[in-house]
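Me: I am new to this structure and would be grateful for a close look at a single part of it. Please take one helix and explain how it relates to what surrounds it.

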Amino acid sequence: MSAVMALSRAELVQLLRNKTTASMALVLPIVLGVLFLFSPDGEPDWWKFALSMQLISAQGLTVYVCTTTVFAARRQDLSLKRLRSGELSDLAIISGVLAPFLVLGVAQCLLLTGVAFAFGAPAPANPAGLVLAIVGGVAVNAAVGLLTAAFSASAEAAQITTAPFFFLALGGAIWALSTDSRWAVALPGGAVATLVGGGGDVLLPLLSMAAWTAVGWALGLRYARWDRRD
């Protein structure tokens, strides 16, 4: 366990030293989250939209995009290959690299949610659903980030390969918030938005996020590459 924590601390130090990744993980989600606080024309359902977009932006940028970028970068500079030649198992290496982004993702979601309540957002109809939206959304984005990294040739390529899932999550949330279609819950963003909204059954969103996490994690481990891609 101490080796995993040491790897996580080293990854956090590298994150802070890399201005591009640090901006993506620490600054951009907060800036977007603040912008969502300002309602146009006093829309009554604005807070559901704002809270959903705050969570999806933080989970997408801090967890999904950064996880994909960092795994691709560590593979290209052969850090993963060197770690694998040591005593750490594959699962321990992946956990050590993922941990800082999981913690940051949850912390940003909690911070943005707290700020939204301070600015006048009503108390959630289902507080447990909001907690599940935060934890489940972070888990989905981490798992799919691991999978996307397997097909990203470099950190630069990750800026392109992460776009489809990121916009799929945003689109799923908008679909769930603008219609009553149950199919919207099948998308990761739709599941988060449905849980934030607090209406209906939480079972379907939970099943959707569990499926995305399980499939992303299983395929990510199956197709994980440890050596530099040509």
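**Helix α3 and its surroundings**

Reply: Helix α3 has a kink of about 30°, and the centre of that kink is Gly60. The model is a predicted one, and every value below is computed from it. The helix covers residues 46-76. Its 31 residues should span 45 Å at 1.5 Å a residue, and the end C-alpha atoms lie 43 Å apart, which agrees with that expectation. Directly after the helix comes Leu78, which has a positive phi, near 70°.

How much of α3 is buried? The count is 28 of its 31 residues, so the helix is largely enclosed by the rest of the structure. Phe49 shows another degree of exposure: this residue lies in α3, yet its relative accessibility is 25%, and because a residue counts as buried only under 20%, Phe49 is classed as partly exposed. Leaving aside neighbours within four places in sequence, Phe49 is in contact with Phe36, Ile174 and Leu177. The C-alpha atom of Phe49 is also 9.9 Å from that of Leu37, a residue 12 places away along the chain.

The nonpolar cores come next. In soluble globular proteins, nonpolar side chains tend to be buried together. The largest nonpolar core here has 36 residues, and the members that touch the most others are Leu55, Val192 and Val196. Helices α3, α5, α6 (127-150), α8 (163-178) and α9 (188-197) each contribute at least two residues to this core. Among the contributors, α3 gives the most, with 11 residues. Leu55 deserves a separate word. Not counting residues up to four places away in sequence, Leu55 touches Cys109, Thr113, Leu130, Ala133, Ile134, Val192 and Val196. Two of these partners, Val192 and Val196, are named with Leu55 as the members touching the most others.

A second core, separate from the one just described, holds 19 residues, and these include Leu15, Val70, Leu98 and Phe101. Val70 also leads to helix α2, through Thr21. Thr21 is placed in α2, and with a relative accessible area of 11% it is buried. Beyond residues up to four places away in sequence, Thr21 touches Leu15, Cys66 and Val70. Leu15 and Val70 are both among the residues of the second core.

Ser23 belongs to α2 as well, a helix that runs over residues 19-35. Whereas Thr21 is buried, Ser23 has 37% relative accessibility and therefore counts as partly exposed. The C-alpha atoms of Ser23 and Leu61 are separated by 10.0 Å, although the two residues are 38 apart along the chain. With residues up to four places away in sequence set aside, Ser23 touches Leu28 and Pro29.

Helix α5 is another contributor to the largest core, and it can be described in the manner used for α3. It occupies residues 90-118, and its 29 residues reach 42 Å from the first C-alpha to the last, close to the 42 Å expected at 1.5 Å a residue. A bend of about 40° occurs at Leu98, and a proline, Pro100, follows within four residues. Leu98 is also one of the residues of the second core. Just after α5, Gly120 adopts a positive phi of about 115°.

There remains the matter of enclosed space. A search of the whole structure finds 2 cavities of 30 Å³ or more. The volume of the largest cavity is about 90 Å³. Which residues line the largest cavity? They are Phe71, Arg75, Leu80, Ile94, Leu146, Ala149, Ala150, Ala224, Arg225 and Trp226. The elements that supply two or more residues to this lining are α3 and α6. Of the elements, α6 gives the most, with 3 residues.

One lining residue, Leu146, connects this account to helix α10. Gly220 lies in α10, which spans residues 203-222. Gly220 is buried, with a relative accessible area of 0%. Apart from neighbours within four places in sequence, Gly220 is in contact with Leu146 and Leu147.

To return to the part chosen: α3 is a largely enclosed helix with a kink centred on Gly60. It gives the most residues to the largest nonpolar core, and it is also one of the elements that give two or more residues to the lining of the largest cavity.

Methods:
Residues are numbered from 1 along each chain as its sequence is written. This is a predicted model: local features need pLDDT of at least 70, side-chain atom pairs count only at pLDDT 80 or more; totals for chains, interfaces and linings use all residues. Side-chain values use heavy atoms; hydrogens and water are left out. The expected span of a helix is 1.5 Å times one less than its number of residues. The bend at a residue is the angle between axes fitted to the seven residues ending there and the seven starting there. A nonpolar core is a set of buried Ala, Val, Leu, Ile, Met, Phe, Trp, Tyr and Cys residues joined through side-chain atoms within 4.5 Å. Buried means under 20% relative accessible area, exposed over 50%, partly exposed in between (1.4 Å probe, protein chains only). Contact means heavy atoms within 4.5 Å. On a 1 Å grid over the protein atoms alone, a cavity is a set of points where a 1.4 Å probe fits but cannot get out, and a pocket is an open set with protein on both sides within 12 Å along at least five of seven lines; lining residues have an atom within 4 Å of a point. Grid points are joined across faces, edges and corners, and a volume is the space filled by probe spheres set on the points.
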